[in-house]
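Student: Before I use any of the labels attached to this model, I would like to see each one set against the rule behind it. Could we go through them one by one?

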Amino acid sequence: MASSKAKAKNNGPKGKNNSPKAREAARRARVEEIRKAEQARERRMRLITLGVTAAILAGLAGGGWYLIDSAQEKEEAKAAPIDGVKSWSKLTQNHVSETVDYKMSPPVGGDHSAVWVNCDKQVYTKAVPNENAVHGLEHGAVWITYNDKAAKADVESLSKLVTNTTYTFMSPYEDQSSPIVLSAWEHQLKVDKASDPKVQKFLDKYVQGEQTPEPGAACSGGMTP
């Protein structure tokens with residue numbers, strides 16, 4: 001009787017679950033479950049990767065357009081006329097050894113010395129000879145001058161600006177009608193304050209600008225007054 005009960009127990013549901021066939025089926029089901037979970041994880045990772053890539057590309061595209069727009073805006077700003085700038089044309093470029101009687105003060109072009117003044121981030125505390133300064137303008141420099149009507153704070157502010165701006169130089173100049181004057185080849189701007197926004201606009205437009213007769217020519221290796 002006991003043997004018969006044991007046999008029946010072994011043939012019951014629990015016995016069937018422990019059979020090799022049942023174990024193999026369970027193993028396959030588990031493998032399939034793992035495979036589906038892995039596929040789902042891979043799909044999620046692909047979607048995340050695609051989303052990140054799309055965001056990066058969108059950012060790069062947006063940044064690219066921003067850079068293009070910024071460059072275009074800068075070029076348009078440089079091309080735009082600046083209020084108050086006076087211009088001359090067809091000024092001579094001969095090298096001379098004598099003093100030149102210029103049509104404007106400070107001069108913005110004309111015959112000049114064969115030696116240019118050092119004009120790269122140079123701040124001079126005494127006057128620069130006109131003839132050497134004009135040669136610096138020919139090389140694309142902007143010359144900032146000031147007289148005794150210029151405020152001390154403005155002179156200090158302009159000095160800092162010049163020391164941080166290539167192809168610029170600065171010096172005192174008493175024979176001018178405005179406290180501050182910015183001169184480039186054939187172009188000049190007169191202002192009362194260093195804070196005038198036209199100061200930076202003038203530098204942006206005329207430092208090595210289109211008016212330069214000898215673009216790229218050195219502003220070092222010349223004379224220091």
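What follows is a conversation about how the labels are earned.

Tutor: This is a predicted model, in which local features need pLDDT of at least 70 and side-chain atom pairs count only at pLDDT 80 or more, while totals for chains, interfaces and linings use all residues. Residues are numbered from 1 along each chain as its sequence is written, and side-chain values use heavy atoms, with hydrogens and water left out.

Student: How do you know how many helices and strands there are in the protein?

Tutor: Helices (H or I, at least four residues) and strands (E, at least two) are DSSP runs, numbered from the N terminus. By that rule there are 6 helices and 6 strands, and from the N terminus on they run α-α-α-β-β-α-β-α-β-β-β-α.

Student: What makes V191 a buried residue?

Tutor: Buried means under 20% relative accessible area, exposed over 50% and partly exposed in between, with a 1.4 Å probe and protein chains only. V191 has a relative accessible area of 3%, so it is buried. Its place is in strand β6, residues 187-191. Of the 225 residues of the protein, 35% count as buried.

Student: Which residues is V191 in contact with, once its neighbours within four places in sequence are left aside?

Tutor: Contact means heavy atoms within 4.5 Å, and on that basis V191 is in contact with S178, P179, I180, L182, D196 and V199. V191 and S178 are 13 residues apart in sequence, and their C-alpha atoms are 6.5 Å apart in space. For the protein, residues 24 or more positions apart account for 70% of the contacts with a separation of 6 or more.

Student: Why is α4 described as largely enclosed by the rest of the structure?

Tutor: The description follows because 9 of the 9 residues of α4 are buried. Among them are N130, E131, H135 and E138. What covers these buried residues includes β3 (142-146), β4 (168-172) and β5 (180-184). Just after α4, G140 takes a positive phi of about 100°.

Student: How do you know that E131, in α4, has no salt bridge?

Tutor: A salt bridge is a side-chain nitrogen of Lys or Arg within 4 Å of a carboxyl oxygen of Asp or Glu; for charge, Lys and Arg count as positive and Asp and Glu as negative, whereas His and the chain ends are not counted. For E131, which is buried, the nearest side chain of opposite charge is K126, 14 Å away, and E131 has no salt bridge.

Student: What lies 2.9 Å from a polar atom of the E131 side chain?

Tutor: The backbone nitrogen of V100 lies at that distance of 2.9 Å. Leaving aside neighbours within four places in sequence, the residues in contact with E131 are E98, T99, V100, Y102, H112 and S113.

Student: How many aromatic pairs are there by the ring rule?

Tutor: Rings of Phe, Tyr and Trp (its six-membered ring) pair if their centres lie within 6.5 Å; planes under 30 degrees apart count as stacked, over 60 as edge-to-face and the rest as tilted. By this rule the count comes to 3 aromatic pairs. W143 and F169 form one that is stacked, at 5.6 Å centre to centre and 10° between the planes. This pair links distant parts of the chain, with W143 in strand β3 and F169 in strand β4, 26 residues apart. Both W143 and F169 are buried, and W143, F169 and Y173 form one aromatic cluster.

Student: What makes the pair of F202 and Y206 tilted?

Tutor: Their centres are 4.6 Å apart and their planes meet at 50°, and the pair is tilted. Being 4 residues apart in helix α6 (residues 198-206), F202 and Y206 are separated by about one helical turn. F202 is buried, with a relative accessible area of 0%, and Y206 is buried at 6%.

Student: Why does Y167 count as buried?

Tutor: Y167 counts as buried because its relative accessibility is 15%. Y167 has a positive phi of about 60° although it is not a glycine, and it lies in the loop between α5 (152-163) and β4. E186, in the loop between β5 and β6, has a positive phi of about 70° although it is not a glycine. With a relative accessible area of 15%, E186 is buried.

Conventions:
Polar contact = N/O pair within 3.5 Å; in protein donor to acceptor, adjacent residues only side chain to side chain.
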